[in-house]
Amino acid sequence: MTNLLIFLGLLILGYFAGKSAEKNHYNRIKEKEKNLLNLPVVTVKKVLKEDKILKSELVTGSVVISIDYFKRIVAILINLFGGEVTSYESLIDRGRREAIIRMKEQAKGANIIINMRIQTSTISKSANNKNSVGSVEVLAYGTALWVSK
(Lines give C-alpha, C1' and ligand atoms only; values in the text may rest on other atoms or scores of the structure.)
Protein backbone atom coordinates (compact mmCIF):
# COMPACT_ATOMS: atom_id res chain seq x y z
CA MET A 1 0.00 0.00 0.00
CA THR A 2 2.84 2.38 0.86
CA ASN A 3 4.51 1.78 -2.49
CA LEU A 4 1.26 2.63 -4.30
CA LEU A 5 0.91 5.87 -2.33
CA ILE A 6 4.51 6.81 -3.09
CA PHE A 7 3.94 6.06 -6.77
CA LEU A 8 0.74 8.15 -6.85
CA GLY A 9 2.44 10.97 -4.94
CA LEU A 10 5.36 11.05 -7.37
CA LEU A 11 2.97 10.83 -10.31
CA ILE A 12 0.97 13.81 -9.08
CA LEU A 13 4.12 15.79 -8.24
CA GLY A 14 5.64 15.09 -11.65
CA TYR A 15 2.41 15.91 -13.42
CA PHE A 16 2.16 19.33 -11.81
CA ALA A 17 5.89 20.06 -12.30
CA GLY A 18 5.47 19.26 -16.01
CA LYS A 19 2.33 21.38 -16.16
CA SER A 20 4.29 24.29 -14.65
CA ALA A 21 7.13 23.88 -17.17
CA GLU A 22 4.58 23.79 -19.99
CA LYS A 23 2.90 26.95 -18.67
CA ASN A 24 6.28 28.73 -18.56
CA HIS A 25 7.00 27.64 -22.14
CA TYR A 26 3.61 29.00 -23.27
CA ASN A 27 4.36 32.32 -21.54
CA ARG A 28 7.70 32.58 -23.41
CA ILE A 29 5.96 31.69 -26.69
CA LYS A 30 3.30 34.37 -26.16
CA GLU A 31 5.95 37.01 -25.41
CA LYS A 32 7.95 36.14 -28.54
CA GLU A 33 4.80 36.06 -30.70
CA LYS A 34 3.89 39.49 -29.40
CA ASN A 35 7.32 40.85 -30.41
CA LEU A 36 7.12 39.28 -33.91
CA LEU A 37 3.51 40.25 -34.61
CA ASN A 38 4.49 42.80 -37.32
CA LEU A 39 5.88 40.08 -39.66
CA PRO A 40 2.96 38.38 -41.45
CA VAL A 41 3.20 34.73 -42.45
CA VAL A 42 0.92 33.36 -45.17
CA THR A 43 0.55 30.00 -46.85
CA VAL A 44 -0.14 31.30 -50.37
CA LYS A 45 2.63 31.11 -52.99
CA LYS A 46 2.29 34.60 -54.55
CA VAL A 47 1.06 37.76 -52.92
CA LEU A 48 3.02 40.46 -54.77
CA LYS A 49 4.17 41.36 -58.26
CA GLU A 50 7.74 40.21 -58.85
CA ASP A 51 9.02 43.71 -59.69
CA LYS A 52 8.38 44.83 -56.10
CA ILE A 53 10.53 42.06 -54.58
CA LEU A 54 14.03 43.25 -53.67
CA LYS A 55 15.28 40.06 -52.08
CA SER A 56 13.98 36.61 -51.22
CA GLU A 57 15.42 33.97 -48.93
CA LEU A 58 14.44 30.55 -47.59
CA VAL A 59 13.91 30.71 -43.84
CA THR A 60 13.44 27.78 -41.49
CA GLY A 61 12.63 27.18 -37.86
CA SER A 62 13.08 23.83 -36.17
CA VAL A 63 12.34 22.58 -32.69
CA VAL A 64 12.33 19.23 -30.88
CA ILE A 65 9.93 18.88 -27.99
CA SER A 66 9.32 15.92 -25.72
CA ILE A 67 6.41 15.05 -23.52
CA ASP A 68 7.31 14.39 -19.92
CA TYR A 69 7.03 10.91 -18.48
CA PHE A 70 4.20 11.76 -16.10
CA LYS A 71 1.97 13.26 -18.78
CA ARG A 72 2.63 10.19 -20.88
CA ILE A 73 1.24 8.05 -18.04
CA VAL A 74 -1.83 10.29 -17.84
CA ALA A 75 -2.24 9.99 -21.63
CA ILE A 76 -2.07 6.19 -21.34
CA LEU A 77 -4.77 6.29 -18.65
CA ILE A 78 -6.95 8.51 -20.85
CA ASN A 79 -6.47 6.05 -23.72
CA LEU A 80 -7.91 3.33 -21.49
CA PHE A 81 -11.16 5.23 -20.98
CA GLY A 82 -11.23 7.27 -24.17
CA GLY A 83 -11.34 10.99 -24.59
CA GLU A 84 -9.27 13.95 -25.62
CA VAL A 85 -5.52 13.57 -24.98
CA THR A 86 -4.59 17.16 -24.29
CA SER A 87 -1.01 16.26 -23.36
CA TYR A 88 -0.19 15.46 -26.97
CA GLU A 89 -2.24 18.39 -28.29
CA SER A 90 -0.19 20.85 -26.27
CA LEU A 91 3.03 19.09 -27.37
CA ILE A 92 2.20 19.63 -31.05
CA ASP A 93 0.83 23.14 -30.45
CA ARG A 94 3.96 24.29 -28.61
CA GLY A 95 6.20 22.72 -31.24
CA ARG A 96 4.44 24.42 -34.15
CA ARG A 97 4.31 27.82 -32.51
CA GLU A 98 7.97 27.65 -31.44
CA ALA A 99 9.06 26.56 -34.95
CA ILE A 100 7.19 29.50 -36.53
CA ILE A 101 8.77 31.89 -34.03
CA ARG A 102 12.26 30.61 -34.88
CA MET A 103 11.51 30.91 -38.60
CA LYS A 104 10.36 34.51 -38.11
CA GLU A 105 13.49 35.31 -36.08
CA GLN A 106 15.60 34.13 -39.01
CA ALA A 107 13.82 36.57 -41.35
CA LYS A 108 14.97 39.78 -39.68
CA GLY A 109 14.03 42.87 -41.70
CA ALA A 110 11.75 40.98 -44.09
CA ASN A 111 8.31 42.35 -44.90
CA ILE A 112 6.46 39.05 -45.27
CA ILE A 113 6.97 35.28 -45.27
CA ILE A 114 5.06 33.46 -48.02
CA ASN A 115 4.41 29.81 -48.81
CA MET A 116 4.92 28.75 -45.19
CA ARG A 117 4.72 25.01 -44.55
CA ILE A 118 5.03 22.89 -41.41
CA GLN A 119 6.39 19.34 -41.19
CA THR A 120 6.10 17.19 -38.07
CA SER A 121 7.88 13.93 -37.42
CA THR A 122 8.50 11.59 -34.53
CA ILE A 123 12.22 11.38 -33.83
CA SER A 124 12.38 9.12 -30.80
CA LYS A 125 10.27 6.51 -29.18
CA SER A 126 9.77 5.71 -25.56
CA ALA A 127 12.18 3.14 -24.15
CA ASN A 128 9.34 1.22 -22.53
CA ASN A 129 6.76 1.29 -25.29
CA LYS A 130 7.86 1.37 -28.91
CA ASN A 131 4.44 2.59 -30.08
CA SER A 132 4.22 5.76 -27.98
CA VAL A 133 5.55 9.17 -28.92
CA GLY A 134 8.62 10.33 -27.02
CA SER A 135 9.73 13.44 -28.94
CA VAL A 136 8.61 15.23 -32.03
CA GLU A 137 10.48 17.51 -34.38
CA VAL A 138 8.58 20.36 -35.97
CA LEU A 139 10.04 22.19 -38.96
CA ALA A 140 8.51 25.40 -40.31
CA TYR A 141 9.82 26.87 -43.55
CA GLY A 142 8.88 29.53 -46.03
CA THR A 143 10.19 32.27 -48.29
CA ALA A 144 10.98 35.60 -46.67
CA LEU A 145 10.50 38.61 -48.94
CA TRP A 146 11.97 42.09 -48.74
CA VAL A 147 9.81 44.37 -50.89
CA SER A 148 10.01 47.95 -52.12
CA LYS A 149 7.34 50.32 -50.87
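**Exercise 1. Find which residue R97 pairs with inside its own helix, and give the N to O distance.**

Step 1. R97 forms a salt bridge with D93; the closest N and O atoms are 3.5 Å apart. The criterion is a side-chain nitrogen of Lys or Arg within 4 Å of a carboxyl oxygen of Asp or Glu.

Step 2. Place the pair. Both R97 and D93 lie in helix α3, 4 residues apart, about one turn of the helix. Helices (H or I, at least four residues) and strands (E, at least two) are DSSP runs, numbered from the N terminus.

Step 3. Recall the helix geometry. An α-helix has 3.6 residues a turn, so residues three or four places apart point the same way.

Step 4. Classify D93. Its relative accessibility is 29%, so D93 counts as partly exposed. The classes are buried (under 20% relative accessible area), exposed (over 50%) and partly exposed in between, with a 1.4 Å probe and protein chains only.

Step 5. Look for a network. Salt bridges that share partners join K32, E98 and R102 into one network.

Note the basis of these values. This is a predicted model: local features need pLDDT of at least 70, side-chain atom pairs count only at pLDDT 80 or more, and totals for chains, interfaces and linings use all residues. Residues are numbered from 1 along each chain as its sequence is written, and side-chain values use heavy atoms, with hydrogens and water left out.

**Exercise 2. State how many salt bridges the structure holds, then examine the E33 and R97 pair.**

Step 1. The structure holds 5 salt bridges.

Step 2. The side chains of E33 and R97 meet in one of them, at 2.8 Å, N to O. E33 lies in helix α1 and R97 in helix α3, so the pair ties together parts that are 64 residues apart in sequence.

Step 3. Check exposure. E33 is partly exposed, with a relative accessible area of 26%. R97 is also partly exposed, at 23%.

Step 4. Add the K55 and E57 pair. Their closest N and O atoms are 3.8 Å apart. K55 has 41% relative accessibility and counts as partly exposed. E57, at 32%, counts as partly exposed.

**Exercise 3. Compare the spans of α1, α2 and α3 with expectation.**

Step 1. Use the rule: the expected span is 1.5 Å times one less than the number of residues.

Step 2. Helix α1 (residues 2-35) has 34 residues and should span 50 Å; its end C-alpha atoms are 50 Å apart, which agrees.

Step 3. Helix α2 has 13 residues and reaches 19 Å from first C-alpha to last, close to the expected 18 Å. After α2 comes G82, with a positive phi near 85°.

Step 4. Helix α3 (residues 86-106) has 21 residues and reaches 30 Å, close to the 30 Å expected.

**Exercise 4. List buried residues of the helices, and say what those of α1 pack against.**

Step 1. In α1, the buried residues are L11, G14, G18, E22, H25, Y26 and I29. They pack against β1 (53-66), α2 (69-81) and α3.

Step 2. In α2, K71, R72, I73 and A75 are buried.

Step 3. In α3, the buried set includes S87, L91, R94, E98, I101 and M103.

Step 4. Turn to the partly exposed side. I12 lies in helix α1, and its relative accessible area is 48%. L8 also lies in α1, with 36% relative accessibility.

**Exercise 5. Describe the largest nonpolar core, and list contacts of I113.**

Step 1. A nonpolar core is a set of buried Ala, Val, Leu, Ile, Met, Phe, Trp, Tyr and Cys residues joined through side-chain atoms within 4.5 Å. The largest has 17 residues; V59, M103, A107, A110, I113 and A144 have the most contacts inside it.

Step 2. Trace the sources. β1, α3, β2 (112-125) and β3 (133-147) each supply at least two residues of this core. β3 gives the most, with 5 residues.

Step 3. Take I113. Leaving aside neighbours within four places in sequence, its contacts (heavy atoms within 4.5 Å) include L39, V42, V59, M103, A107 and A144.

**Exercise 6. Identify the phi sign of N115 and where N115 lies.**

Step 1. N115 has a positive phi of about 55°, although it is not a glycine. Most residues other than glycine have a negative phi.

Step 2. N115 lies in strand β2. Its relative accessible area is 23%, so N115 is partly exposed.
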